[in-house]
Each structure stands twice: as C-alpha cells, then as structure tokens.
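Trainee: Could you take me through one part of a structure slowly, as I am new to this? I would like to follow how the pieces meet.

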2 protein chains.
Amino acid sequence: MSRGRTLADPATPPRPAQSRIIDAALELFAEHGVGGTSLQMIAEEIGVTKAAVYHQYRTKAEIVRAVADAELDRLESVLDEAEADAAGRAGDAAAAAVARVVDLAVERRRQVSTLLNDPVIGRLYARDARLLGVLDRLDRLLVGPGAGPESKVATAMLVAAISGAVMHPLVAGQDDDTLRTYLVRIALRFLDLPA
Amino acid sequence: MSRGRTLADPATPPRPAQSRIIDAALELFAEHGVGGTSLQMIAEEIGVTKAAVYHQYRTKAEIVRAVADAELDRLESVLDEAEADAAGRAGDAAAAAVARVVDLAVERRRQVSTLLNDPVIGRLYARDARLLGVLDRLDRLLVGPGAGPESKVATAMLVAAISGAVMHPLVAGQDDDTLRTYLVRIALRFLDLPA
DNA sequence: GTCTATAGACCGATAGAC
DNA sequence: GTCTATCGGTCTATAGAC
C-alpha cells in the first residue's frame, strides 16, 4: 500500500481547488448576486484563470448548485448538533434548534440572506427534495409532534425572518452578540416557548 | 391657454414611457435579479429597442434607482394611510400598519421580496437616509414610543418574514385572502399584540 | 420618441499545449 | 491543474437618421 497523498489523507485536503472555488463563489454571489457574478470574477478571486475553474466545474450552473448544496450541508450539520444537544430531553430540542440556527445566520450574515433570497437559486431549489426535507426536519424540531401544514408556514416565516433580519439595514449597526440575543428571544416568543 | 395635452392633463399620463420602463424592470429584477437583467430584456418586455430605453435613462444604474425609489414611494404611501386610519386612536396604529404592509406585500408578492433582498439594491440603499427614515417610522408605528434596539430587530424580522413568506414555495399555493389573514395573525404574534 | 447600426468590453464555454 | 488563445454571443452605451 502506498503511503503518499491519498484521498483519505487528512493532512492534505482531497479537493482544495473545488472548495476554494465554492468559497469564492459564495462570497461573490452574496455581493453581486448569482446573475451578477461571472466566472472571470470567481477565477480572479482565487488567482487562477477561467479555464482552471472550468476544469473543476463544467458549467456555471454546476457551481451554483455546489455553492447552494454546501450551504444546505451547513444547515443539516446544525440540525444534527441541535438534536445531539437535546438528546432525550424532548422539550429542549426546539430551543436548541433556534439557538443553533440563529448562530449560523449571525455568523454568516453577509452570505446567508442574499443566497437564500436569490431568484436564480430560489427557482433552482423551490422543489428540491433535500431542501424540503431539511425544512420538514426543522419544522418537527421546532413544533414537535404537532407539526402540520400550518406550522410549516410558520417555520418558513421564521427562517425568512432570521435570515432576512441579519442583513437588514435596521440592524446593520448591531454587534453579533447583541443581535444573537435579540433574535433568539424574539424567535422563542414567536414560537410560544419560554425564554 | 391651450387646451391640448399638457403635463397636468389627468386623461393622458405625463410620462408613460418612464413608468412602463420601471414596471417592466421591476418585474424582471424580481425574476432574474438586478445583475441578471439586461436593458435588452427590459426593452423587449415593453416592445421597444434598447436605444429607446436609453433615451429615458442614461444608465442601468439610473433605472435601478428609479425602480427602488418607486417601491419606497409605495411603502411611504402605505404608512401615510396607516396613520390616517388610526388617527387619534394610538393603540390602533400598529394594527393598521400591519394590515397595510401585509396588503402591500401580498398584492405585489412576486416583486417585493426579491427586490428587497437583491444585493445590488441592498448595497445601494443600506445607508440611504430616506429608506432608514421610512423603516424608523414603521418601527415607531408598530411599537409606539417604546421603540428601541430590540424592537428594531423585531421590526426587521417582521419585514423579512412577510416579504420572505409571500414568495416561499410552501406558501406559493395559498390564495391572497388566506395568505393575508395568516400573515396578519403571525405578524401580531411577532409584535406581542392581541389578535 | 423611436429606430438601425455599431463600438468595445465582457460573457460562458472549449481546444490544446505544458 | 493551469495556462494561452479563441469561438460566438451578449452586454452597456453611443451616434445619427427619421
């Protein structure tokens, strides 16, 4: 068995090129929108040429997919953590989920909201099974076994409220800690949970 | 005094060309984002050539400004109406404002949310005095004299929730009346007001 | 106020050398 | 995996006729 650089080697990430591309793309999508971001801009951001980017992704649409999928991965990880947090204590699952989702949104203020509301990505994911599955899972975490069609709308609104508020001009001046505290408190009140 | 077509003649609007441009642009911005919308698309939407559009607005940036300003006009009018509605009865101002803002958002589902969250427009208006003034006014209408940093976060969440929900796939199937009713109920819960 | 025509830059995407 | 070079097409914006 060879000892050199392999796919499983943790010291050297398997695909630095691809993750550098999606990191740069995410930043630029958030700044200029998907439609306003060119492959040229992405390539320049990471210091290579367009052709090098095309070596990793065959089309711009594939890059958009990869960026959005990576963000979905983050949301799924956060839900995993929330479930682990509240393992066994059913009542705490909702509070843990709220705290984790708020953390994620505040930590990534600049990227999250624009990405979530971009019309290109919106159309791409409106009927995406994985996104709908993650939202369902969040819905069950928040309202427990009583989840139904109405609570799904409320969950969608809460997600929109949190992700939209972190970039809103009204809260532009707030530091992260203060914003986190307010968001969690208001979200819990919205869900009729004890603060 | 001549009796023909004048600027004040209500039968023939003074500048149909400009309003047709911003109407078309608003629709296309909402569908493809600002960066994904070209002057060619706007011109085709209203059945003229690019040059005709450039005769009205010298740059694309001017069109973006005009579209966003027109939307701000709408929000200001709605706040005017809400204040008139609740004149003298201080407690009703918030409920009137919620109802009016929800009406505006539902009536213009397709346009409002994307426009509000577009990164290009966001950066253009993040520090715009008029926008911040309108949002502060909304904040005071909603929470009265107790407005502070936390209520601003709540107001931001409410605006984001309403504008995000009206375009959300989970809500896309709802008819306008049902959506209005549900949004008002949820909004009042956000604000801790009696339904 | 609308048109045709065009300039010059940039777009997404590909070919082929190293 | 990165490069140079290039394709055909679209972009913003302008010039000038009607």
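Trainee: How many helices and how many strands make up the secondary structure of chain A? From there, please take a close look at the part where chain B touches chain A.

Mentor: Happy to! One thing to keep in mind throughout is that this is a predicted model. Chain A has 10 helices and zero strands. If you read along its sequence, the pattern is therefore simply α-α-α-α-α-α-α-α-α-α. The C-alpha trace of chain A spans about 55 × 50 × 35 Å along its principal axes.

Now to the part you asked about. On one side, 41 residues of chain B take part, and they are in contact with 38 residues of chain A. How much surface do the two chains bury between them? The size of an interface is often given as the accessible area lost when the parts come together. Here that area is about 3400 Å², and 71% of it lies on carbon and sulfur atoms.

Next, look for charged pairs. Side chains of opposite charge can pair when their charged atoms come close. Between chain B and chain A the count is one salt bridge. Its partners are Glu150(B) and Arg185(A), whose side chains meet with 2.7 Å from N to O. Five residue pairs are in polar contact between the two chains, counting pairs with both residues at pLDDT 80 or more.

Which helices of chain B supply this side? At least two residues each come from helix H1 (16-32), helix H6 (109-117), helix H7 (119-125), helix H8 (129-143), helix H9 (149-165) and helix H10 (176-190) of chain B. The largest share belongs to H9(B), with 13 residues. If you sort the residues on the side of chain B that touches chain A by character, you get 24 nonpolar, nine polar and eight charged.

How are the two copies arranged? A turn of 175° and a shift of 0.2 Å along the axis lay chain B on chain A with an RMSD of 0.5 Å. The two copies are thus related as by a two-fold rotation axis. To find that axis in chain B, go to Ala161(B), whose C-alpha is the nearest to the axis at 2.2 Å. There is a matching result in the contacts: 80% of the interface residues of chain B are also interface residues in chain A, so the copies meet through the same surface.

While we are on salt bridges, a search of the whole structure finds 28 of them over all chains. One within a single chain joins the side chains of Asp177(A) and Arg180(A), at 2.8 Å from N to O. These two residues are three apart in helix H10 (residues 176-190) of chain A, so they are separated by about one helical turn.

Finally, let us see how the two chains share the DNA. Around DNA strand C there are 17 residues, and the nearest are Ser38(A), Leu39(A), Tyr54(A), Lys60(A) and Thr49(B). Sugar and phosphate make up 55% of the atoms of strand C that come within 4 Å of the protein. You can follow three of the phosphate approaches yourself. The side chain of Ser38(A) has an N or O atom 2.7 Å from a phosphate oxygen of strand C. Lys60(A) uses a backbone N or O atom, at 2.8 Å from a phosphate oxygen. From the other chain, a polar backbone atom of Thr49(B) is 2.6 Å from a phosphate oxygen of this strand. Helices H2 (39-45) and H3 (50-56) of chain A, together with helix H3 (50-56) of chain B, each supply at least two residues of this surface. H3(B) gives the largest share, four residues.

Around DNA strand D there are 15 residues, with Thr49(A), Ala51(A), Lys50(B), Tyr54(B) and Lys60(B) nearest. Here the side chain of Ser38(B) places a polar atom 3.0 Å from a phosphate oxygen of strand D. A backbone N or O atom of Lys60(B) lies 2.9 Å from a phosphate oxygen, and one of Thr49(A) lies 2.6 Å from a phosphate oxygen of strand D. The helices that each supply at least two residues near strand D are H3 of chain A, with helix H2 (39-45) and H3 of chain B.

Conventions
Residues numbered from 1 in each chain as written. Chains lettered and ligands numbered in written order. Predicted model: local features only at pLDDT ≥ 70, side-chain atom pairs only at ≥ 80, totals over all residues. Heavy atoms only, no water. Near = heavy atom within 4 Å. Polar contact = N/O pair within 3.5 Å; in protein donor to acceptor, adjacent residues only side chain to side chain. Contact = heavy atoms within 4.5 Å. Buried area = accessible area lost by both parts, 1.4 Å probe. Salt bridge = Lys/Arg side-chain N within 4 Å of Asp/Glu carboxyl O. Nonpolar A, V, L, I, M, F, W, Y, C, P; charged D, E, K, R; others polar. Least-squares fit on C-alpha atoms with pLDDT ≥ 70 in both.
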